[in-house]
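Hi everyone, thanks for coming along. Please have a look at the sequence and the model on the screen, and I'll walk you through it in a few minutes.

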Amino acid sequence: MGQINTQQIEEAVRLILEAIGEDPNREGLLDTPKRVAKMYAEVFSGLNEDPKEHFKTVFGEDHEELVLVKDIPFHSMCEHHLVPFFGKAHIAYIPKGGKVTGLSKLARAVEAVCRRPQLQERITSTIAESIVDSLEPHGVMVVVEAEHMCMTMRGVKKPGSKTITSAVRGVFTNDPAARAEVLSFIKE
Ligand SMILES: [Zn+2]
């Protein structure tokens with residue numbers, strides 16, 4: 001994956017400012033292209049990162065029961081409008097064969113997936129697939145809830161509305177009781 005070209009972002013932002021009829025040379029806007037480029041380099045840094053990298057170290061822990069990490073905060077950028085959407089991710093999995101990951105690694109993987117132009121649906125399924133591929137657990141369930149600025153500040157303008165997505169793999173697929181248990185923990 002290529003590196004982020006901040007010079008090119010600066011030029012593009014200057015063009016956008018001109019295109020909306022602004023003067024990119026007025027004092028308040030003078031450093032804006034540079035600031036936006038720096039911010040984009042940060043919020044899109046996940047493009048150079050494989051979320052599965054974070055699951056390379058596993059503990060040989062003999063726990064084949066539910067692990068749930070909930071309320072992992074995240075920010076991402078909607079790929080349709082390049083404005084933020086943000087919320088919380090909840091990750092539940094049932095480890096198999098001692099393949100248990102560090103709890104902070106789950107948060108790191110979420111960050112890697114979110115720091116690129118994204119869709120909430122894809123974030124949800126990518127996290128689930130990364131865990132399936134890396135930890136080969138009995139099952140995974142990922143729930144993501146988010147508020148989308150493209151729904152809040154433009155178009156239908158529905159502030160406070162939340163979108164909830166879920167991805168279910170393995171034993172959770174055919175076990176409504178297990179899914180209900182996870183959901184009840186998330187709601188607590
Ligand atoms: Zn959008």
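Let's begin at the metal. This is a predicted model, and in it the zinc ion has three protein donor atoms named: SG of C78, ND1 of H81 and SG of C150, lying 2.1 to 2.3 Å from the zinc. If you look for these donor residues in the sequence, their spacing reads C-x2-H-x68-C.

Now, is C78 buried or exposed? C78 counts as buried, because its relative accessibility is 6% and the cut-off for buried is under 20%. H81 is another of the donors, and with a relative accessible area of 35% H81 is partly exposed.

Let's zoom out to the whole chain. The protein chain has 188 residues, and 39% of them count as buried. How many helices and strands does the chain have? There are six helices and seven strands. If you follow the sequence from start to end, they come in the pattern α-α-β-β-β-β-α-β-α-β-α-β-α. The C-alpha atoms fill a box of roughly 60 × 35 × 20 Å, taken along the principal axes.

Here is one contact to find on your screen. E147 sits in strand β6, which covers residues 139–148. Along the chain, E147 and F85 are 62 residues apart, yet their C-alpha atoms are separated by 5.5 Å. E147 counts as buried, at 18% relative accessibility.

Next, the charged pairs. The structure holds 11 salt bridges, and I'd like to show you some of them.

Take E42 and R115, whose closest N and O atoms are 4.0 Å apart. What does this pair tie together? E42 lies in helix α2 (residues 32–43) and R115 in the loop between α3 (103–114) and β5 (117–118), so the salt bridge ties together parts that are 73 residues apart in sequence. Both residues are partly exposed: E42 has 47% relative accessibility, and R115 has a relative accessible area of 24%. There is also a network of salt bridges here, linking E42, E111 and R115.

A second pair is K52 with D133, where the side chains meet in a salt bridge at 3.7 Å, N to O. K52 is in the loop between α2 and β1, while D133 is in helix α4 (residues 120–135), so this pair links distant parts of the chain, 81 residues apart. K52 is partly exposed at 33% relative accessible area, and D133 is partly exposed at 45%.

The third pair is E79 and R122, with 2.9 Å from N to O. Here the link runs from the loop between β2 and β3 (84–94), where E79 is, to R122 in helix α4, and the two residues are 43 residues apart. E79 is partly exposed, with a relative accessible area of 31%, and R122 counts as partly exposed too, at 33%.

Last stop: the surface. Which residues form a negative patch there? They are E61, D62, E64 and E65. E64 lies in the loop between β1 (59–60) and β2 (67–78), and at 35% relative accessibility E64 counts as partly exposed.

So, if you take the model home, try finding three things: the zinc ion with C78, H81 and C150, the salt bridge between E42 and R115, and the negative patch that includes E64. Thanks for listening!

Technical notes: Residues numbered from 1 in each chain as written. Predicted model: local features only at pLDDT ≥ 70, side-chain atom pairs only at ≥ 80, totals over all residues. Heavy atoms only, no water. Donors = N, O, S within 2.8 Å, 3.2 Å for Na, K, Ca; no water. Buried < 20%, exposed > 50% of the residue type's maximum accessible area, 1.4 Å probe, protein only. Patch = residues over 30% accessible without salt bridge, like charges linked within 9 Å, V, L, I, M, F, W, Y side chains within 5 Å. Areas by Shrake-Rupley, 256 points an atom, 1.4 Å probe, with all protein chains shown as cover. Lys, Arg positive; Asp, Glu negative; His and termini not counted. Charge placed at Lys NZ, Arg CZ, Asp CG, Glu CD. Helix = DSSP H or I, 4+ residues; strand = E, 2+ residues; numbered from the N terminus.
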